[in-house]
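Let's take a walk through the aromatic side chains of this one. Have the model open and follow along from ring to ring.

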Amino acid sequence: AKMAAATSELLTGWCLFGLALLAILIFCWVYVRKYQSRRESEVISTITAIFALAVALISSALLPVDIFLVSYMKNQNGTFKDWADANVSRQIEDTVLYGYYTLYSIILFCVFLWIPFVYFYYEEKEEDDGNTCSQVKTAFKYTLGFITICAILLLIGAFVPLDIPSKKNSTEWEKVKLLFEEFGSSHGLTALSFSISSLTVIGMLAAITYTAYGMSALPLNLIKGTTSAAYERLENTEDIEEVEQHLLRIKSKCRDGRPLSSRDRRTVQQLEERLRTLRRRERHLESIEKSWWTKFCEAIRPLKIVWGVFFIIVALLFTVSLFLSNLDKALHSAGFDSGFIILGTNLTNPLNMLLPVLQTVFPLDYILITTIVMYFIFTSMAGIRNMGIWFFWIRLYKIRRGKTRPQALLFLCMILLLIVLHTSYMIYSLAPQYVMYGSQKYLVQVRCDTFKKISNSYLLYQKRYYQCIVTRTYLFLHKFWFFSAAYYFGNWAFIAVFLIGLIVSCCKGKKSVIEGEVDEDDSDMSDDELSVYYR
């Protein structure tokens, strides 16, 4: 009966996993198709973007699953369940570890091979529409640089020893032998961990840039809403009339046959470009005002405000918890050389207090941790969408509905893959004990022996601690102390950028209903791409 119950629970779990995977794929397809340009869409870039985005979302969901599995093997009183013997526990641990191996290997494959190859292939295709073989060769030539970087990271992680040999008189051969023995004993975990940690540092920079801003901008945009399409049309019509009158005044100077001065010609050219942009805005505003989607958004406006308030509460909870956790490390850790790692919690934070309370009611703690992880991902997507793709102070691409170039979508998915890698450490910073052990409890057995003496009696207590199982994600987090130190300083930068973004978002007014949809560098043909969304 117990075996049948375990089998039933396993089948239920696999069915839920299949449904979740299907939902993720549908969401990725809708998201990519919503933002990609219809005129420049390519099958290979679309498939790559959908696959990479799905890998990012699946990888972010692995942390709650890992925490749930180590917690599920124990009862509330601290004992292991009947089916969770040593072999079964080991199999579950290995299965989760292989899941991390698989997903992290796919992330390395996407970041260092597939996405760069598709990007350079599309770049070559734009420049040369002729020989496909030549385009493939050129794209692969540029991709070799990324492959070389990946190989170097794997080699460094595989053969740089974590423990310095204690023997000072050991030979060079013994040192080399030690390296290979360490690599074999770790089963490649150290090599993969070093490569993933290197990408996580880049993901940390992306999270500081995009996620911190998205966590402040997304909730406030939902609360403030957008300006009315009718009001914007009225203002736009007034701007059109003003520009047309200005053009007429300048052109009236040449009615008697005199040519316009160079300054007037430049002004006319600028005004005509401005007029074309205003007329495109007029067409878009008219479509939005008449669309059913606008009416639907107006109807659910109170719901958006509720979601905005909820998101800002989650963001503040996240930031306060991160601040207290970092402050705890600053006050009680061993310092920079240890990576600011601390054992235990000296300064509690709201999330650390909330999770133990929610553990008493299954599955509220898993719902909260999943909500935080997914909130982290979706605010990252919102930050990238609002800011665009930047390289230092140079804007490379814009993310716009129905007008995003394939290269921009590939960049967006790569950035999300890197941010997802940093998500696990961010959650660990907020609740280290929960991420390591979940809701596991250890058993305390009390044996009472009464010894009667003449004047008194006493009790003899003996405590027996059952070993808790650590999550597999923890194995990837603290292999190298210098990465932990970098994450520590990155958390302070994340908090600072969030506060700056919160102040800026509060000071800004309502967004335009066609924010970022119409630019001066757009062509008139681009209007057809957006019209399908406003019917």
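Start at Lys-141: its charged end sits over the ring of Tyr-142, with 5.4 Å to the ring centre. Keep in mind that this is a predicted model. Tyr-142 has aromatic company too, as ring pairs link it into a cluster with Tyr-119, Phe-120, Phe-146, Tyr-397 and Phe-411.

How many aromatic pairs are there if ring centres have to lie within 6.5 Å of each other? The count comes to 27. One of them joins Phe-117 and Tyr-121, with ring centres 6.3 Å apart and planes at 20°; stacked pairs need planes under 30 degrees apart, so this one is stacked. Both residues belong to helix α3, which covers residues 86-127, and they're four residues apart, or about one turn of the helix. Is Tyr-121 buried or exposed? With a relative accessible area of 14%, Tyr-121 falls under the 20% cut-off and therefore counts as buried.

Now hop over to Trp-307 and Phe-310, another aromatic pair, with 5.9 Å from centre to centre. Here the planes make an angle of 80°, and because anything over 60 degrees counts as edge-to-face, that's the label this pair gets. Trp-307 and Phe-310 share helix α10 (residues 301-332), where they're three residues apart, again about one turn of the helix. As for accessibility, Trp-307 comes in at 42% and Phe-310 at 38%. Partly exposed is the range between 20% and 50%, so that's where Trp-307 and Phe-310 both end up.

Key
Residues numbered from 1 in each chain as written. Predicted model: local features only at pLDDT ≥ 70, side-chain atom pairs only at ≥ 80, totals over all residues. Heavy atoms only, no water. Phe/Tyr/Trp six-rings, centres within 6.5 Å; stacked < 30°, edge-to-face > 60°. Helix = DSSP H or I, 4+ residues; strand = E, 2+ residues; numbered from the N terminus. Buried < 20%, exposed > 50% of the residue type's maximum accessible area, 1.4 Å probe, protein only. Lys NZ or Arg CZ within 6 Å of the ring centre and 35° of its normal.
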